Amino acid sequence: MTVQIILLFETKPRLALVPSTTRSQLAAEYLESCRRHNTLCIDSVLEQIRELPESSIGGVMRAPRLTLSECALLGPAPADALEAVLRKVQFKRIEIDHAVIDDEGAEALFDMIEYYESATIVCISGPRQFGIRGWQAASRMIKKSAELSELEVTDSALEASHSPVLARSLRPVTCRLRALCLQRVALCGEPLLCLVIALKSNNSIRELRLGDNGLSISDAGQLASLLEYNNRIQLLDLSNNQIQDAGVAQLADAMAEQAAQSPPSAAASPLSPHRCQGQSPPIQVSDCNNC
């Protein structure tokens, strides 16, 4: 008796197969999608649709960016309406800039970005109304997206309960991010420790930017322990923190230890006020008055 085994895999849609659409047609489709979802259109999105390169509609090339700035993404409807755009256009950057977005809006938007591979860089800046569910959706986006290479979160504190959710997405088996920027998010103490523990085994991230977080000498010690375990990080930006000379010394010692145990890699950045010579990633510490 012959046994047939059929395996079905979910495949993501290829935008290259989307029928040719003009900017005006795409704008009309977005307006119709807003009507169907009973939500107001975002005027700035309409303006950006009208300025899209024609070659970016249908997946031939990525458009430079989609900015969702100072708009309301409350509930799933506004984000669901955006599917009319995201299913036909991919972007290099999607920026959520001081938008009012709750858990349902974040879930709908992040799931859609992951499904359509809508961006290589996602930026979230300003106050955030979403909580655990929204961060869980962001974590899924990071783990499942094959093309997302950079996440930027800035200008609003990352709550202690949200940091572990984000950290879980940085596990080496699932994370493909090359750059992680967490600036002006009050990432110090226990939230930083969650991040450090996750990054010790991460092998994809090359740039880690933690500027303006109020990091202290003890936080510098945690980052020094990270460098002892992770030799893949090539740029560590600690601009405008409070790590002081003692913190810089801990980081320098960790880098020297790493250099002694590994072959030559990245040289120190010539732009760094503090330069640690050797075969280790550069530390960038700007504004030495705060060191």
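This text walks through a few local features, from the surface to the aromatic rings and a buried strand residue. The model is predicted.

Start with charge. Lys143, Lys144, Arg168 and Arg171 form a positive surface patch. One of these residues, Arg168, lies in helix α7, which covers residues 163-168. How open is Arg168? Its relative accessibility is 39%. Buried means under 20% and exposed means over 50%, so Arg168 counts as partly exposed. A patch residue needs over 30% relative accessible area, and Arg168 has 39%.

Now turn to the aromatic rings. The count of aromatic pairs comes to 3. Tyr115 and Tyr116 make up one such pair. Their ring centres are 5.0 Å apart, and the planes stand at 80° to each other. Planes over 60 degrees apart count as edge-to-face, so the label for Tyr115 and Tyr116 is edge-to-face. The two tyrosines can also be placed by accessibility. Tyr115 has a relative accessible area of 30%, so Tyr115 is partly exposed. Tyr116 has 9% relative accessibility, so Tyr116 counts as buried. Elsewhere, ring pairs join Phe110, Phe130 and Trp135 into a cluster.

Finish with Val153. This residue sits in strand β6, which runs over residues 150-154. Is Val153 buried or exposed? Val153 is buried, because its relative accessible area is 1%. Which residue is paired with Val153 in a distance across the sequence? That residue is Cys181, 28 residues apart from Val153 along the chain. In space, C-alpha to C-alpha, Val153 and Cys181 are 6.2 Å apart.

Methods:
Residues numbered from 1 in each chain as written. Predicted model: local features only at pLDDT ≥ 70, side-chain atom pairs only at ≥ 80, totals over all residues. Heavy atoms only, no water. Patch = residues over 30% accessible without salt bridge, like charges linked within 9 Å, V, L, I, M, F, W, Y side chains within 5 Å. Areas by Shrake-Rupley, 256 points an atom, 1.4 Å probe, with all protein chains shown as cover. Salt bridge = Lys/Arg side-chain N within 4 Å of Asp/Glu carboxyl O. Lys, Arg positive; Asp, Glu negative; His and termini not counted. Charge placed at Lys NZ, Arg CZ, Asp CG, Glu CD. Helix = DSSP H or I, 4+ residues; strand = E, 2+ residues; numbered from the N terminus. Buried < 20%, exposed > 50% of the residue type's maximum accessible area, 1.4 Å probe, protein only. Phe/Tyr/Trp six-rings, centres within 6.5 Å; stacked < 30°, edge-to-face > 60°.
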